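Dear colleague,

I am handing over the structure below, followed by an account of what was found in it. Please read the two side by side.

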Amino acid sequence: MRFTRRGLLAASAAVAAASSVKAKPKSMSSPAPWTPDATELAGRIRRKEVSAAEVVEDAIRKAEALQPQVGAIVTSDFDRALAKAKAGQLSGPFAGVPFMVKDLDPYKGLPTRNGSRSGLRAPPETTQTKYVDAFDAAGFVVIGKSATPEYGFLPTTEPMGFQPTRNPWNTDRSSGGSSGGAAAAVASGMIPIAHATDGGGSIRIPASNCGLFGLKPSRGRMLEGRPVARGLDISVAHCVSHSVRDSAALFAATERTGADAVFKPVGVVSEPLKRKLKIGLLMATGTGVTPDPEVQTAVNNAAKLLESLGHKVEPTAWPMDGAQFGQDFTVLWASGAAELVAGIGKAIGHKPDSSVLEPFSLGMAELVGQLPAGALPAAIARLNDNTKAYDAWLTKYDIILSPVLGKPPVELGYVAGWVPFQDLQARLTSYVGYTPVQNVAGAPSMSVPLHRTPDGLPVGVQLAGRAGGEALLFQLAYQLEEAQPWAHRKPPVSL
């Protein structure tokens with residue numbers, strides 16, 4: 001834990017500096033946040049203005065009141081959380097701040113159900129990863145597990161074994177996925193920050209839908225988490241939050257800093273960008289599909305904002321065969337479902353059916369079963385070639401600006417796991433065409449909440465960089481947060 005401690009010390013210093021004095025407004029016209037972020041809460045606890053127990057009690061009260069409306073939690077841990085807060089032995093940059101772990105990752109003492117009926121009887125975990133250990137070391141108090149779609153496969157959180165997770169901005173709309181429970185919990189004010197993971201957009205998509213900041217790290221950047229599967233590591237972990245500074249401080253506390261570090265550690269980024277960037281604007285997906293007009297407006301307005309800040313923005317084109325990329329990513333994604341079906345079948349002694357797994361999971365596994373021999377290795381090889389194309393693209397630009405999603409938050413049921421398989425595949429192609437490329441390339445990207453539709457729904461824009469380039473993204477995010485604040489916007493369903 002020596003190298004993790006270095007990150008914790010840096011994060012602690014940054015959080016203390018940010019919260020040791022009364023907040024100074026960024027400008028005379030900057031509106032105040034509607035709810036304190038994690039940095040502010042940690043500062044209040046550190047200054048003994050409020051106790052950790054009081055903060056956790058407040059989070060539990062909010063969670064109990066909001067859960068029936070948003071469905072963000074799948075397993076609560078209120079009694080243990082309150083006992084931990086009252087024990088008075090918390091330390092770290094976020095000591096006493098309430099938190100949730102996504103229900104795809106193990107947390108000691110709680111079951112991991114993976115958003116699936118197949119996991120409803122899962123026993124409490126007895127181990128957890130080094131990455132999750134870092135949450136405890138940072139001082140967070142875990143109040144429960146946040147909802148996810150079945151095994152994180154879909155960009156909405158509507159698992160058939162649990163209540164759907166609803167968007168606090170409009171409860172008829174999806175909160176996104178697969179970190180939809182985390183985003184709904186933070187957006188509604190249950191907690192200020194939550195663990196999230198991203199294997200194809202699962203941090204950025206719910207951040208976009210719920211009006212939050214969400215950054216996906218580079219491949220290999222963070223402490224050891226879940227094992228690599230299927231020959232290409234596309235899943236990474238971080239958080240969703242109201243503020244850039246919360247995300248930056250947690251990043252510093254959970255990144256690799258030792259001999260196994262893939263990139264030079266970033267530390268705590270705390271200042272906005274000081275230089276001008278060359279930014280490529282990408283509007284259509286790799287298959288040529290253009291987004292909803294409201295999404296186009298969001299991206300074009302972001303481009304104007306960036307230009308007003310002195311950056312150069314110019315149109316750019318997808319650097320690879322988009323149709324082939326989509327097919328190859330689907331093969332990779334579906335291979336995970338095939339492994340899942342095979343594993344569950346072995347455990348229960350027969351092939352799982354729709355009483356155990358959702359139609360989409362079964363359909364993905366069936367798709368893999370119909371592929372010719374060698375299809376998966378060939379797809380992975382082409383995806384690795386796409387990484388080279390992405391890296392070459394990012395020698396021409398500092399940042400790529402694009403939509404996060406093809407539409408504003410969709411209605412519940414639009415991309416749910418029970419939609420007929422062929423129909424759902426077609427919907428996913430047009431809806432989720434922008435985020436997977438960074439997972440394949442191992443590059444960082446972020447959803448920044450810069451737009452609202454006329455009826456008040458959040459629409460994030462995606463800003464992506466080259467592998468290892470998180471510091472630049474955080475600096476740009478601070479600059480955008482200062483120029484066009486978002487944390488004052490309060491959703492209708494919130495406390």
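**Glutamine 462 and its surroundings**

Residues up to four places away in sequence aside, glutamine 462 touches Arg204, Ile400, Leu401, Ser402, Pro403, Val404, Tyr434, Thr435, Gln438, Ser445 and Met446. Please bear in mind throughout that this is a predicted model. Glutamine 462 lies in strand β13, which covers residues 458-464, and it counts as buried because its relative accessibility is 1%, where the cut-off for buried is under 20%. Between glutamine 462 and leucine 473 there are eleven positions in sequence, and their C-alpha atoms are 11 Å apart in space.

**The nonpolar cores**

Leucine 463 is, together with Leu401, one of the residues with the most contacts inside the largest nonpolar core, which has 98 residues. Helix α3 (residues 52-70) supplies the largest share of this core, namely nine residues. When neighbours within four places in sequence are set aside, the contacts of leucine 463 are Leu306, Ile399, Ile400, Leu401, Ser445, Met446, Val448, Leu473, Leu476 and Leu480. Apart from this core there is a second, separate one of 46 residues, and among its members are Leu357, Leu362, Leu394 and Leu428.

**The chain as a whole**

The secondary structure of the protein chain comprises 15 helices and 13 strands, and the C-alpha trace spans about 65 × 55 × 50 Å along its principal axes. For a chain of 495 residues, a compact globule would be expected to have a radius of gyration near 23 Å, and the 21 Å found for the protein chain agrees with that. Of the 495 residues, 59% are buried. Among contacts in the protein chain with a separation of 6 or more, 80% are between residues 24 or more positions apart. The accessible surface comes to about 18,600 Å², and carbon and sulfur atoms account for 54% of it. As for charge, the protein chain carries 50 positive and 43 negative charges, and the mean positions of the two sets are 5 Å apart.

**Helix α2 and lysine 48**

Helix α2 (38-46) is followed by a loop that leads to α3, and lysine 48 is placed in that loop. The helix itself is largely enclosed by the rest of the structure, because seven of its nine residues are buried; these are Ala38, Thr39, Glu40, Leu41, Ala42, Gly43 and Ile45. Just after α2, lysine 48 takes a positive phi of about 65°. In contrast to those residues of the helix, lysine 48 counts as exposed because its relative accessibility is 74%, the cut-off for exposed being over 50%.

**Further backbone features to inspect**

Most residues other than glycine have a negative phi, and most peptide bonds are trans. Against that background, asparagine 114 also deserves a look, with a positive phi of about 60° although it is not a glycine. The loop that holds asparagine 114 runs between β2 (98-102) and α5 (130-137). Asparagine 114 is buried, since its relative accessible area is 16%.

The peptide bond from glycine 177 to serine 178 is cis, with omega near 10°. Serine 178 is located in the loop between β5 (170-174) and α6 (180-188).

**Two further sites**

Which residues does glutamine 475 touch, not counting residues up to four places away in sequence? They are Val269, Glu271, Pro272 and Leu273. Glutamine 475 belongs to helix α15, residues 470-483, and is partly exposed, because its relative accessible area is 27%. The C-alpha atom of glutamine 475 is separated by 9.8 Å from that of arginine 275, although the two residues are 200 residues apart along the chain.

Glycine 267 sits in the loop between α8 (244-254) and β9 (278-281). Leaving aside neighbours within four places in sequence, glycine 267 is in contact with Ala248, Ala252 and Glu255. The C-alpha atoms of glycine 267 and threonine 254 are separated by 9.8 Å, with the two residues 13 residues apart along the chain.

With best regards

Methods: Residues numbered from 1 in each chain as written. Predicted model: local features only at pLDDT ≥ 70, side-chain atom pairs only at ≥ 80, totals over all residues. Heavy atoms only, no water. Core = buried A, V, L, I, M, F, W, Y, C linked by side-chain atoms within 4.5 Å. Buried < 20%, exposed > 50% of the residue type's maximum accessible area, 1.4 Å probe, protein only. Helix = DSSP H or I, 4+ residues; strand = E, 2+ residues; numbered from the N terminus. Contact = heavy atoms within 4.5 Å. Rg over C-alpha atoms; globule rule 2.2 N^0.38 Å. Areas by Shrake-Rupley, 256 points an atom, 1.4 Å probe, with all protein chains shown as cover. Lys, Arg positive; Asp, Glu negative; His and termini not counted. Charge placed at Lys NZ, Arg CZ, Asp CG, Glu CD.
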